Amino acid sequence: MAGSAATSFGSSYQENLYDSIKDKPLHVDVVILQKGRTRPHIIEKELQRIQGAHSLDELKVRLLEAQEALEALNIFEAVQITVDAGSPTDSESCILRVHCPERRIWHAHAGTYLAETEAKFEGQFGLTNPVGYAEKIDITMERSTKNSTEYGLQFMRPRVFGSSLDSRASLAQHFLDRQQWSSYVENYRGTTIGLTSENGRHNIAYELAWRALSNPNRAASQSVRRQCGNHLKSALQYVYQWQRGDCDDPGDPYGGMSFRSTSEVAGLGAESSLLRFVRQHFQGAVSLPTGGGTSLFLQASGGALVPWGHSWQKKQTCISDRFFLGGVSSLRGFCEKQAGPTEARIGSSSQSGMESCYNRDALGGDLYATVLAALRFEFPSKGLQEAGIHGHLFVNGGNLSLLSGTSKSIKQAVTEDFVRSWRWSVGVGLRWQTTIGTLEVNLCQVLAQQQHDRPRIGFQFGVTPPA
């Protein structure tokens, strides 16, 4: 068979013939027809599972698994496997001929996109399988209209040390301008080394990074000023993710479920300047089909950030590690990062209420949660359905509070600032699934807000990046 690892039978005679021989004993000889850059053992590793097939029916199953594994390497244009009869003198043998045309060695990409309140330009150049070990090397650059710049170099290699794990190593340098929300800029230089399981569900990574926070406009609030300076991060992170079906397609008759958990422990080392904290974040979603191209979508997310070490309750967490609330990716009906604890900037008016929130720094929070319930529906237009555009009616709620480094005890912060002061919004809008994420245009109405929040009443546009 060519182009697929599944045998196609075009007539009832062939189907009956297959049924009569599918369980008979069989041994397999594999011939790899490969003249490109890829080392033979890379392909042989994925074909090892075929050697254990003892019947034609078992061979069919193993071939599908091998084809999926080879395609997952993402270095081939196609995976072509042909099954032929073996030696005329051996009726229990067959020959597999495997041919995998390779992708072009280099690739490049450039484009622009919108992310919440800013436009971004990104460029990428990479090499695919340059020395034949299925490795990938990518160089990326990104610049935004808010003067943030990001540069990255990443190396990836699958099946490291002959295992089923994929490895990744990266270097990054970022200049992140957060003056619009929190009156600071951040310089970041760091490296990350990680391993990912074959099915992508498990990922573990170590990060070593230096961060410098500064206040160039000299207008930052006292809380942000205390954050300025150098920070060293040495952290271990574990990510577990699971998905069944498609949660984002309202027309899917089977619905879907997804879950993602990120656990991080920072402060690995004896250096006194290390940031020391434990950070946990989770997000779960379920899509329940309701018929007629509609579905009920339910989502919940939450997280906690807690420092550790001597007198940890008196320590403030770093603003760069905190959670923020507001925008289509977390709490619709509120401006990006503009729901939650704030503090007046130096020289701003002491006036309370809506006018003063424009002169306040968003501080983020150590404890946060959001909930979303939405009725999603397809439009009658075939073109809109094929483009991935659908509508939704939603109710969105969430809250955010600081836990450590405040005058309140943790119990007071949870009961007074978190449990009793949730924000809520409702609305209707359009969602468009694209390669850069999900674009949303919503008409929002805020039902509950807190002092100094910055609501976005009326139309709101934003992008939720892919997980």
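Let me start with a definition: a residue is called buried when its relative accessible area is under 20%. By that cut-off C247 counts as buried, because its relative accessibility is 7%. C100 is buried as well, with a relative accessible area of 1%. Please keep in mind, everyone, that this is a predicted model.

While we are on cysteines, how many disulfides does a search of the whole structure find? The search finds zero. Take C100 as an example: the closest cysteine sulfur belongs to C94 and lies 17 Å from the sulfur of C100, so the two are too far apart for a bond.

Now let's turn to the sheet near the start of our numbering. Here three strands make an open sheet, with mixed pairing, in the order β1-β3-β2. Which strands stand at the edges? They are β1, residues 27–32, and β2, residues 80–85. Each has a single partner strand, so one side of each has no neighbour in the sheet. From one strand to the next, the twist averages 25°.

Let's zoom in on one pairing. β1 and β3, the latter spanning residues 93–99, run parallel and are joined by six bridges. If you want a place to look, V31 has R97 in β3 as its bridge partner.

Next, the helices that go with this sheet. Helix α2, residues 40–47, lies across β1 and β3, and runs at about 155° to β1. Helix α3, residues 56–72, packs on the sheet too, touching β1, β2 and β3. The direction of α3 makes about 15° with that of β3.

And how do these two helices meet? As a reminder, two packed helices are described by the angle between their axes and the distance between the axes. For α2 and α3, the angle is about 140° and the axes are 8 Å apart. The crossing is right-handed. On the α2 side, the contact is made by I43, E46 and L47, and on the α3 side by A66, A69 and L70. Those residues divide into five nonpolar, no polar and one charged.

Finally, please scroll along to some later strands. β19, residues 423–434, and β20, residues 437–448, run antiparallel, with 11 bridges joining them. The two form a hairpin, with two residues between the strands. W424, for instance, has A448 in β20 as its bridge partner. β20 is also joined to β21, residues 458–464, by seven bridges, and this pair runs antiparallel. There, T438 has T464 in β21 as its bridge partner.

Thanks for listening, and I'm happy to take questions!

Definitions and conventions: Residues are numbered from 1 along each chain as its sequence is written. This is a predicted model: local features need pLDDT of at least 70, side-chain atom pairs count only at pLDDT 80 or more; totals for chains, interfaces and linings use all residues. Side-chain values use heavy atoms; hydrogens and water are left out. A disulfide is a pair of cysteine sulfur atoms within 2.5 Å. Buried means under 20% relative accessible area, exposed over 50%, partly exposed in between (1.4 Å probe, protein chains only). Two strands pair if DSSP finds at least two bridges between them. Helices (H or I, at least four residues) and strands (E, at least two) are DSSP runs, numbered from the N terminus. Axes are lines fitted to C-alpha atoms, for helices over the stretch in contact, and angles run from 0 to 180 degrees between N-to-C directions. Contact means heavy atoms within 4.5 Å. A crossing is left-handed if the near helix is turned anticlockwise from the far one by less than a right angle, and right-handed if clockwise. Ala, Val, Leu, Ile, Met, Phe, Trp, Tyr, Cys and Pro count as nonpolar, Asp, Glu, Lys and Arg as charged, and the others, Gly among them, as polar.
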